[in-house]
Amino acid sequence: MPELPEVETIRSQLAPRLTGRTLVRVEILDPRLTRPIDLFEVAGELEGDSVASVERRGKYLVLRLESGLALLVHLRMTGSFGFEPTTHERAVLELDDGTRLAYRDVRRFGTWLVLENAELEPYLAAKNGPEPLGARFTGEWLAARLAVRRAPVKAVLLDQRVVAGLGNIYADEALWRARINPLRPAESLDRDEVCRLHRAIRVALRAGIERQGSTLTDYRTPEGTRGAMQEEFRVYGRDGLPCPRCGTTIAKTRVVGRGTWYCPRCQPLG
Ligand SMILES: [Zn+2]
């Protein structure tokens, strides 16, 4: 599933190609993408409008349009954009400069939603906490969110209202960097641990953005490139391999049903 670094990479590649362009033709091929709204209704709202900006909020891509509407895209498990024709196309945007942009989604969990400008911020604010690389995401804010939760710290980190854009990969990487066991009750973290975790979340996400995200299956960026973050993973998906810090064999467990990797020595539970 694309997380903040992957969605940010997509945003940064789409922005220069889409900004200022008119959507001369919009074809939505899968009713699941827009349901419960009819796909022809959504396509009709978009067609003829122009892209004012391409933004990101948490894991959402936001295409702001000149008319005051916004197209909100959530890629979920397997959504992606590409400038080359591909398989499993669920929607196609044709721009006034002849560019063809396809939305691909093998498992079809992705969503497209058109909102008015006035509806956009309340909608996003209800689903997303502060941007982890922004000024509102402070150690104090994280401490207050963790202090009231008995759930495993990793489960709380996956809550988008706590940290927008964090998912399974970068949560594991951040917990390893902070030397905190993913199963620790969130409320049990002391002040130093929360400070380390706050910093580690930012470091892990910045590392992901610098490497254009991670490529685990056949995912491609819109320009057809592959991210390289998977070559830099410290723990994620590395069970049986040595911890890069202490050499202990990395272990795998499950937290809220999600595969979770950690170093038993660097990240002790007791
Ligand atoms: Zn270790």
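Two strands pair if DSSP finds at least two bridges between them. Helices (H or I, at least four residues) and strands (E, at least two) are DSSP runs, numbered from the N terminus. The model is predicted: local features need pLDDT of at least 70, side-chain atom pairs count only at pLDDT 80 or more, and totals for chains, interfaces and linings use all residues. Residues are numbered from 1 along each chain as its sequence is written, and side-chain values use heavy atoms, with hydrogens and water left out.

**Exercise 1. Find the partners of strand 4 (69–74) and describe its surroundings.**

Step 1. Start with strand 8 (residues 111–116): six bridges join it to strand 4, and the two run antiparallel. Here Val-73 stands opposite Trp-112.

Step 2. Now take strand 3 (residues 60–65), which is joined to strand 4 by five bridges, again antiparallel. In this pair Leu-61 is opposite Val-73.

Step 3. Look at the turn. The hairpin of strands 3 and 4 has three residues between the strands, and Gly-68 takes a positive phi near 100 degrees in it.

Step 4. Sort the side chains. In a regular strand they alternate between the two faces of the sheet. Leu-69, Leu-71 and Val-73 point one way from strand 4, while Ala-70, Leu-72 and His-74 point the other way.

Step 5. Check burial, where buried means under 20% relative accessible area, exposed over 50%, and partly exposed in between (1.4 Å probe, protein chains only). Six of the six residues of strand 4 are buried, so the strand is largely enclosed by the rest of the structure.

**Exercise 2. Compare the span of helix 1 (residues 4–18) with the expected value, then examine its burial.**

Step 1. The expected span is 1.5 Å times one less than the number of residues. For the 15 residues of helix 1 this gives 21 Å, and the helix reaches 20 Å from its first C-alpha to its last, close to expectation.

Step 2. Eleven of the 15 residues are buried, so helix 1 is largely enclosed by the rest of the structure. Among them are Val-7, Ile-10, Leu-14 and Leu-18.

Step 3. Follow the chain onward: just after helix 1, Gly-20 has a positive phi of about 85 degrees.

**Exercise 3. Work out the geometry of the zinc ion's site.**

Step 1. List the donors, meaning N, O and S atoms within 2.8 Å of the metal (3.2 Å for Na, K and Ca); water is not among the atoms, so sites may look incomplete. The SG atoms of Cys-243, Cys-246, Cys-263 and Cys-266 coordinate the zinc ion at 2.2 to 2.4 Å.

Step 2. Four donors count as tetrahedral if all angles lie between 85 and 135 degrees. The angles here are 99 to 113 degrees, which makes the arrangement tetrahedral.

Step 3. Along the chain, the donors follow the spacing C-x2-C-x16-C-x2-C. Cys-246, in the loop between helix 7 (191–210) and strand 9, and Cys-266, in the segment after strand 10, lie 20 residues apart.

Step 4. Compare accessibility: Cys-246 is partly exposed at 27%, whereas Cys-266 is buried at 11%.

**Exercise 4. Locate the unusual backbone at Pro-36, Arg-76 and Val-256.**

Step 1. Most residues other than glycine have a negative phi, and most peptide bonds are trans.

Step 2. The bond from Arg-35 to Pro-36 is cis, with omega near 10 degrees. Pro-36 sits in the loop between strand 1 (23–28) and helix 2 (39–46).

Step 3. Arg-76, not a glycine, has a positive phi of about 50 degrees, and is partly exposed at 30% relative accessibility.

Step 4. Val-256 has a positive phi of about 40 degrees. It lies in the loop between strand 9 (251–255) and strand 10 (258–262), and is exposed at 59%.

Methods: Tetrahedral: all angles 85-135°; square planar, octahedral: opposite > 155°, others 65-115°.
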